[in-house]
Amino acid sequence: MKRILVISDSHGRNDDIEGVLQQVGHIDYMIHCGDLERGDTYVRSLVDCPVTIVSGNNDYYLDLPMEEFIEIEGYKILIVHGHYYYVNSGVDYLKDYARQQGVDIVMFGHTHVPYFEVDDDLTILNPGSLTYPRQEGRKPTFLMMEIDDDGKAHFGHGYYTAHFDELNI
């Protein structure tokens, strides 16, 4: 089983990243969908696995790519922040772009709202925000992608519980 942690929009709160890493335990890959804001070298040092981080609209001083294409266990994945794809107005433009690129999964951030959709041959997901969630209830979220021994991907959003304690939620 491969475990991939997908996070986004931590906005400089690297303690939230550390906390969710402690909460989820062992991972085989970590993906950050942008708006890290600081400490990309530090964040990479927190784990002993590959890390992919893309640039968000608030990552002014970080030398990060706008998008990344990776492959994990046969799944072709596109990682973007989403602001260049107008995700605040929906995911149609992003879906079209992802299909043009021939990917199986597209991961994005920017909206601070968890999202998951399977549209024919394409999975579209947003882990939400660890730090400044915007969905109803405003609970900090992340996403776990697990690939089982048969090579099938499974996805689930999780709540970052340590942040609840800090906020007395």
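**View A. Helix 3 lies across one of the sheets in this predicted model.** Helix 3, residues 92-101, lies across strand 4, strand 5, strand 6, strand 7 and strand 8 (122-126). Against strand 8, helix 3 runs at about 130 degrees.

**View B. Here is an open sheet of 5 strands with mixed pairing.** Reading across, the strand order is 4-5-6-8-7. Strand 4 (67-72) and strand 7 (115-119) stand at the edges, each with a single partner strand, so one side of each has no neighbour in the sheet. On average, and with direction ignored, neighbouring strands of this sheet are turned by 15 degrees against each other. Look inside the sheet for strand 5 and strand 6 (residues 105-107), which pair in the parallel sense over 3 bridges. There, Ile77 stands opposite Ile105 in strand 6.

**View C. Leu78 sits in strand 5, which spans residues 75-80.** Is Leu78 buried or exposed? Leu78 counts as buried, because its relative accessibility is 0%. Setting aside neighbours within four places in sequence, Leu78 is in contact with Glu67, Glu68, Phe69, Tyr97, Ala98, Val103, Ile105, Val106 and Met107. If you would like a distance to check on screen, try Leu78 and Lys95: their C-alpha atoms are separated by 11 Å, with the two residues 17 apart along the chain.

**View D. A second open sheet of 5 strands has the order 3-2-1-9-10.** Its pairing is mixed. Strand 3 and strand 10 (153-159) stand at the edges, and each has a single partner strand, so one side of each is left without a neighbour in the sheet. From one strand to the next, the twist averages 20 degrees. Strand 1 and strand 9 pair in the antiparallel sense over 5 bridges, and Ile4 has Met145 in strand 9 as its bridge partner. Helix 1 packs on the sheet, where it touches strand 1, strand 2 (29-32), strand 9 and strand 10. The direction of helix 1 makes about 155 degrees with that of strand 1.

**View E. Strand 9 and strand 10 form a hairpin.** How many residues lie between strand 9 and strand 10? There are 5 residues between them, and Gly151 in the turn has a positive phi of about 85 degrees. The two strands pair in the antiparallel sense over 7 bridges. Met144 stands opposite Gly156 in strand 10.

**View F. The largest nonpolar core has 20 residues.** Those with the most contacts inside the core are Leu5, Ile7, Ile17, Val20, Ile27, Met30 and Phe142. Strand 1 (2-7), helix 1 (14-24), strand 3 (51-53) and strand 9 (141-147) each supply at least two residues. Helix 1 gives the most to this core, with 4 residues. Apart from this core lies another, of 18 residues, including Tyr75, Ile105, Leu143 and Ala153.

**View G. Met30 has contacts well beyond its sequence neighbours.** Leaving out those within four places in sequence, Met30 is in contact with Leu5, Ile7, Ile17, Leu21, Val43, Val47, Cys49, Pro50, Val51 and Thr52.

**View H. Cys33 and Cys49 are not bonded to each other.** The sulfur of Cys33 has its closest cysteine sulfur in Cys49, 15 Å away, which is too far for a bond. Counting a disulfide as two cysteine sulfurs within 2.5 Å, the total comes to 0 disulfides. Cys33 counts as buried because its relative accessibility is 0%. Cys49, at 14% relative accessibility, counts as buried too.

Definitions and conventions:
Residues numbered from 1 in each chain as written. Predicted model: local features only at pLDDT ≥ 70, side-chain atom pairs only at ≥ 80, totals over all residues. Heavy atoms only, no water. Core = buried A, V, L, I, M, F, W, Y, C linked by side-chain atoms within 4.5 Å. Buried < 20%, exposed > 50% of the residue type's maximum accessible area, 1.4 Å probe, protein only. Contact = heavy atoms within 4.5 Å. Pairing = 2+ DSSP bridges. Axes fitted to C-alpha atoms, helices over the stretch in contact; angles between N-to-C directions.
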